[in-house]
Amino acid sequence: MTQVDFYLLNETSAQARHLVACRIVEKAFQTQQTVYIHVDTPREASQIDDLLWSFRPGSFIPHRVNTTDQEAAQVTISATPQTSCSAHVLVNLSQHVPEFFQQFARVVEIVEGDEQTRQRGRERFRYYRNIGITPLTHHLT
């Protein structure tokens with residue numbers, strides 16, 4: 001069964017959420033896990049693309065954007081659903097639960113601190129729980 005982790009931020013910016021995503025991707029990358037980062041828009045994919053090059057001094061995580069060639073990249077970013085992705089970890093930056101999430105061993109949901117975003121996060125949390133998954137919650141300060 002897929003493991004789902006919710007990371008709750010106090011900060012209310014998309015930038016903070018993207019930085020947490022980069023740190024999680026970096027940890028997965030260091031342990032040789034493959035990662036698919038799902039976003040809502042090509043613009044957000046571009047933002048994550050840029051950030052993976054520079055989120056901290058000396059950082060670089062090799063990755064590809066908007067590709068269906070999953071074997072060629074350890075980290076892939078896309079706004080297009082990947083129904084046959086072979087990655088271990090799904091970092092879901094979308095506002096919705098992707099229909100294809102169960103093909104991953106782990107799903108990471110990162111929720112900003114503003115009330116509207118928290119409400120959408122609660123809806124995703126309830127969805128997972130209603131289908132029999134018990135998400136873990138991590139409060140980041």
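How many residues does helix H1 (residues 14-30) have, and what distance does H1 reach from its first C-alpha to its last? In this predicted model, H1 has 17 residues and spans 24 Å between those two atoms, close to the 24 Å expected at 1.5 Å a residue. Buried positions in H1 are Ala16, Arg17, His18, Val20, Ala21, Cys22, Ile24, Val25, Glu26 and Ala28. An α-helix has 3.6 residues a turn, so residues three or four places apart point the same way. Just after H1, glutamine 32 adopts a positive phi of about 65°.

Strand S4 (residues 75-78) pairs with two other strands. With strand S2 (residues 35-38), S4 forms four bridges in the parallel sense; here tyrosine 36 has threonine 76 as its bridge partner. Strand S3 (residues 64-65) also runs parallel to S4, joined to it by two bridges, and the partner of arginine 64 is again threonine 76. Along S4, the side chains alternate: Val75 and Ile77 point one way, Thr76 and Ser78 point the other way, and all are buried.

The largest nonpolar core comprises 25 residues, and those with the most contacts inside it are Val25, Val35, Ile37, Leu52, Val91, Leu93 and Ile110. Two or more residues are given to this core by each of strand S1 (3-9), H1, S2, helix H2 (42-54), S4, strand S5 (89-92) and strand S6 (106-111). H1 supplies the largest share, seven residues. A second, separate core holds 15 residues, among them Phe6, Val97, Phe101 and Phe104.

The surroundings of isoleucine 37 draw on several parts of the chain. Not counting residues up to four places away in sequence, isoleucine 37 touches Val25, Ile48, Leu52, Val75, Thr76, Ile77, Ser78, Val91 and Leu93.

Histidine 63 lies in the loop between H2 and S3. Its relative accessibility is 15%, and histidine 63 therefore counts as buried, the cut-off being under 20%. The side chain of histidine 63 makes a polar contact of 2.5 Å with the side chain of aspartate 49. The histidine 63 side chain also reaches the backbone oxygen of isoleucine 61, at 2.5 Å. Apart from neighbours within four places in sequence, the residues in contact with histidine 63 are Asp49, Leu52, Trp53, Val75 and Ile77. Of these, Leu52 is listed among the core residues with the most contacts, while Val75 and Ile77 are buried residues of S4 that point one way from the strand.

Key: Residues numbered from 1 in each chain as written. Predicted model: local features only at pLDDT ≥ 70, side-chain atom pairs only at ≥ 80, totals over all residues. Heavy atoms only, no water. Buried < 20%, exposed > 50% of the residue type's maximum accessible area, 1.4 Å probe, protein only. Pairing = 2+ DSSP bridges. Expected span 1.5 Å × (residues − 1). Core = buried A, V, L, I, M, F, W, Y, C linked by side-chain atoms within 4.5 Å. Contact = heavy atoms within 4.5 Å. Polar contact = N/O pair within 3.5 Å; in protein donor to acceptor, adjacent residues only side chain to side chain.
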